[in-house]
Amino acid sequence: MTALCVIVILLLLFLILPVGVDASYAPAGLALKLKAGPLRIKLLPAGKKEKKPKPEKKRREPPPDAAAAEHPRPRLITAHDVPALLHIALDALSRFRRNLSVDHFMLHIVAASDDPYDAVMLYGYLNAALGALAPAAYRVFKIRDTDVQLGVDCYPGKTEAEAQIVLTLQIWEIFQIAACAAAALLRWYWPKHCAAKAATAAAGQKGS
């Protein structure tokens with residue numbers, strides 16, 4: 001009984017584990033890490049690897065299938081299926097967006113230019129843009145923590161920016177999205193598969 005309780009607890013901990021990405025930008029370059037709970041796996045910047053020439057592989061043409069040539073199978077995906085598949089994809093993206101969590105968003109911008117007037121104007125444009133985008137972002141995403149700072153430098157220079165965003169999903173949410181998408185695809189695929197199988201069997205009977 002104790003072992004079963006431990007397994008159940010570990011399974012629950014696994015399902016609620018947040019996984020995602022940690023992307024940041026600085027003048028030094030772009031950095032990208034995979035996030036799994038407290039762990040971080042660096043993807044960018046990646047170390048330099050020597051590229052070895054790959055031997056060319058000769059393509060082997062498969063032998064023609066006489067039966068398939070005589071009785072070609074009907075296509076499962078046609079132009080009429082595109083709207084249904086797009087609906088399934090958009091539904092999955094909508095579920096993904098609703099469950100996606102922005103754990104941290106950081107944006108630091110210092111507007112600068114060789115002309116102080118241009119620097120102040122750029123600061124005004126950026127401030128207006130951020131003020132307009134912020135409410136929409138809060139409506140669309142679950143944003144937990146933000147750090148947005150906007151400044152201006154009237155001395156000659158270049159505009160500098162630093163940004164970071166941490167996006168996560170819990171594992172059970174990923175399973176839920178995948179299960180819903182798989183169920184929708186199965187509801188679309190199964191009738192067509194049965195119809196295609198029946199058509200192939202009918203063509204085979206006619207040929208014999």
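**A nonpolar pocket and an antiparallel sheet**

The lining of the largest pocket comprises 14 nonpolar residues, one polar residue and no charged residue. The model analysed here is predicted. The volume of this largest pocket is about 330 Å³. Its lining counts 15 residues. Nearest the centre of the pocket lie Phe105, Ala134, Ala137, Ile143 and Val148.

Several elements contribute to this lining. At least two residues each come from β4 (101–112), α4 (116–140), β6 (146–153) and β7 (160–170). Helix α4 supplies the largest share, with five residues.

The overall layout was examined next. The protein chain contains five helices and seven strands. Along the sequence, these elements follow the order α-β-β-β-α-α-β-α-β-β-β-α. The chain has 208 residues, and 14% of them are buried.

Strand pairing was then traced from β1. This strand spans residues 18–26 and runs antiparallel to β7, to which eight bridges join it. Within this pairing, Gly20 of β1 faces Thr168 of β7. Strand β7 is also one of the elements that supply at least two residues to the lining of the largest pocket. A second partner of β1 is β2, residues 29–36. Here too the strands are antiparallel, and eight bridges connect them. Val21 has Leu34 of β2 as its bridge partner. The two strands β1 and β2 make a hairpin, with two residues between them.

Strand β2 pairs onward with β3, residues 39–44. Five bridges link β2 and β3, again in the antiparallel sense. Ala36 is matched with Leu39 of β3. These strands also form a hairpin with two residues between them. In that hairpin, Gly37 adopts a positive phi near 65°.

Thr168 merits separate description. This residue belongs to strand β7 and stands opposite Gly20. The relative accessible area of Thr168 is 5%, so the residue counts as buried, the cut-off being under 20%. The side chain of Thr168 makes a polar contact with the side chain of Asp103, at 2.8 Å. Thr168 thus combines a buried position with a side-chain polar contact and a place opposite a residue of β1.

Aromatic pairing is limited to one case in the structure. The ring centres of Trp188 and Tyr189 lie 6.5 Å apart, and their planes meet at 45°, so the pair is classed as tilted. An angle under 30 degrees would count as stacked, and one over 60 as edge-to-face. The two partners fall into separate accessibility classes. Trp188 has a relative accessible area of 16% and is therefore buried. Tyr189 reaches 31% relative accessibility, so this residue is partly exposed.

In summary, the predicted model shows a largest pocket of about 330 Å³ with no charged residue in its lining. Strand β1 is joined to β7 by eight bridges and to β2 by eight bridges. Strand β2 in turn pairs with β3.

Methods. Residues numbered from 1 in each chain as written. Predicted model: local features only at pLDDT ≥ 70, side-chain atom pairs only at ≥ 80, totals over all residues. Heavy atoms only, no water. Phe/Tyr/Trp six-rings, centres within 6.5 Å; stacked < 30°, edge-to-face > 60°. Buried < 20%, exposed > 50% of the residue type's maximum accessible area, 1.4 Å probe, protein only. 1 Å grid on protein atoms, 1.4 Å probe; cavity = no way out; pocket = protein on both sides within 12 Å on 5 of 7 lines; lining within 4 Å. Points joined across faces, edges and corners; volume = space filled by probe spheres on them. Helix = DSSP H or I, 4+ residues; strand = E, 2+ residues; numbered from the N terminus. Nonpolar A, V, L, I, M, F, W, Y, C, P; charged D, E, K, R; others polar. Pairing = 2+ DSSP bridges. Polar contact = N/O pair within 3.5 Å; in protein donor to acceptor, adjacent residues only side chain to side chain.
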